[in-house]
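This report walks through one protein model, moving from its overall make-up to a few chosen helices and residues. Please keep the sequence and the structure in view while reading.

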Amino acid sequence: MQFSSHGFCCIGGEFPKAVVDRETFEYLLPLAYQWAKTQEEFVLARGNPLGPRHAHDANLAGVRDCARVRVLLVDRIPLPENPELAEASKRIGIITEDTRCAGFGHALIIRVDAWNDRELILHNLVHIAQYERCGGLEQWVRHYLVDRTNCPNFTIGPLEEEARRIAREIVRSPEYNVGGCAADAAVSTVR
Ligand SMILES: [Zn+2]
């Protein structure tokens with residue numbers, strides 16, 4: 001299966017070598033957290049509760065507090081306004097112009113053309129479950145980014161691996177495909 005960008009993660013692409021040194025990382029980390037927090041607050045204020053299909057998937061992905069999740073459908077996922085952060089994010093492949101879905105905090109942002117990509121959405125719901133386990137957005141952002149920047153080839157890290165694995169296992173299970181079809185009929189599109 002061919003993947004494109006997965007929110008806080010790029011899948012299937014070639015990554016450049018690690019190019020963010022420790023000092024730059026420590027400088028960018030709080031900016032990354034602030035960016036994620038601003039995005040989350042926007043989505044929590046403007047987004048819709050999960051529909052039946054995505055609520056079903058959020059449960060499968062391990063999200064504990066599904067009622068708090070808000071989903072926002074967008075034409076494009078916004079890049080950070082800070083030029084240094086945006087540049088690092090694109091270079092590393094975390095948020096790029098090709099990003100189609102992002103999940104952090106209790107916010108799920110879905111680009112219009114990814115609305116029916118259930119594995120991609122499940123993947124980002126796993127990130128939301130990870131955030132709940134981490135005990136806060138700041139902790140999750142640090143954990144996620146430290147994991148990725150510590151990877152020898154600047155690839156993915158344990159949180160990213162877990163999100164890919166769980167999403168893949170769910171969509172490949174026979175029970176999921178039966179339940180998924182039934183839930184599909186009940187979904188309504190939000191904008
Ligand atoms: Zn991911």
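## Overall make-up

What share of the contacts in the protein with a separation of 6 or more comes from residues 24 or more positions apart? In this model, which is predicted, residues 24 or more positions apart account for 70% of those contacts.

The protein contains 7 helices and 4 strands, and along the sequence these elements follow the pattern α-β-α-β-α-β-β-α-α-α-α. The chain has 191 residues, of which 40% count as buried.

## Helix 1 on its own

Helix 1 runs over residues 22-46, and its length can be checked with a short piece of reasoning: at 1.5 Å a residue, its 25 residues should span 36 Å, and because the end C-alpha atoms are 36 Å apart, the expected span and the model agree. Helix 1 also bends by about 30 degrees at Leu28, and within four residues after that position there follows a proline, Pro30.

Several residues of helix 1 are buried, namely Leu28, Ala32, Trp35, Ala36, Gln39, Glu40 and Val43. Leu28 therefore appears here in two roles, since Leu28 is the site of the bend and is also buried.

## Where helix 1 meets helix 3

Helix 1 and helix 3, the latter covering residues 83-92, pack at an angle of about 90 degrees, and their axes lie 10 Å apart. Because angles from 65 to 115 degrees count as roughly perpendicular, helix 1 is described as roughly perpendicular to helix 3. On the side of helix 1 the residues that meet the partner are Leu28, Leu31, Ala32 and Trp35, while helix 3 contributes Glu84, Leu85 and Ala88. Sorted by class, this contact has 6 nonpolar residues, no polar residues and 1 charged residue.

Is Glu84, which is found in helix 3, buried or exposed? Glu84 has 12 C-beta neighbours inside 10 Å, and because a residue with 12 or fewer is called exposed, Glu84 counts as exposed. Glu84 and Thr24 are 60 residues apart in sequence, yet their C-alpha atoms are 9.7 Å apart in space.

## Helix 2 and the residue after it

Helix 2, made up of residues 52-61, is mostly covered, with 8 of its 10 residues buried. The buried residues of helix 2 are Arg53, His54, Ala55, His56, Asp57, Ala58, Leu60 and Ala61. Just after helix 2 comes Gly62, which takes a positive phi of about 95 degrees.

## Leu145 in helix 5

Leu145 lies in helix 5, which covers residues 137-150. With 22 C-beta neighbours inside 10 Å, Leu145 counts as buried, because the cut-off for that word is 20 or more.

Which residues does Leu145 touch, not counting those up to four places away in sequence? Leu145 touches Leu29 and Ala32, and Ala32 is one of the buried residues of helix 1. Leu145 and Glu160, for their part, are 15 residues apart in sequence and 10.0 Å apart in space, taken from C-alpha to C-alpha.

Notes
Residues are numbered from 1 along each chain as its sequence is written. This is a predicted model: local features need pLDDT of at least 70, side-chain atom pairs count only at pLDDT 80 or more; totals for chains, interfaces and linings use all residues. Axes are lines fitted to C-alpha atoms, for helices over the stretch in contact, and angles run from 0 to 180 degrees between N-to-C directions. Angles under 35 degrees count as roughly parallel, over 145 as roughly antiparallel, 65 to 115 as roughly perpendicular and the rest as oblique. Two residues are in contact if their C-beta atoms, placed from the backbone, lie within 7 Å. Ala, Val, Leu, Ile, Met, Phe, Trp, Tyr, Cys and Pro count as nonpolar, Asp, Glu, Lys and Arg as charged, and the others, Gly among them, as polar. The expected span of a helix is 1.5 Å times one less than its number of residues. The bend at a residue is the angle between axes fitted to the seven residues ending there and the seven starting there.
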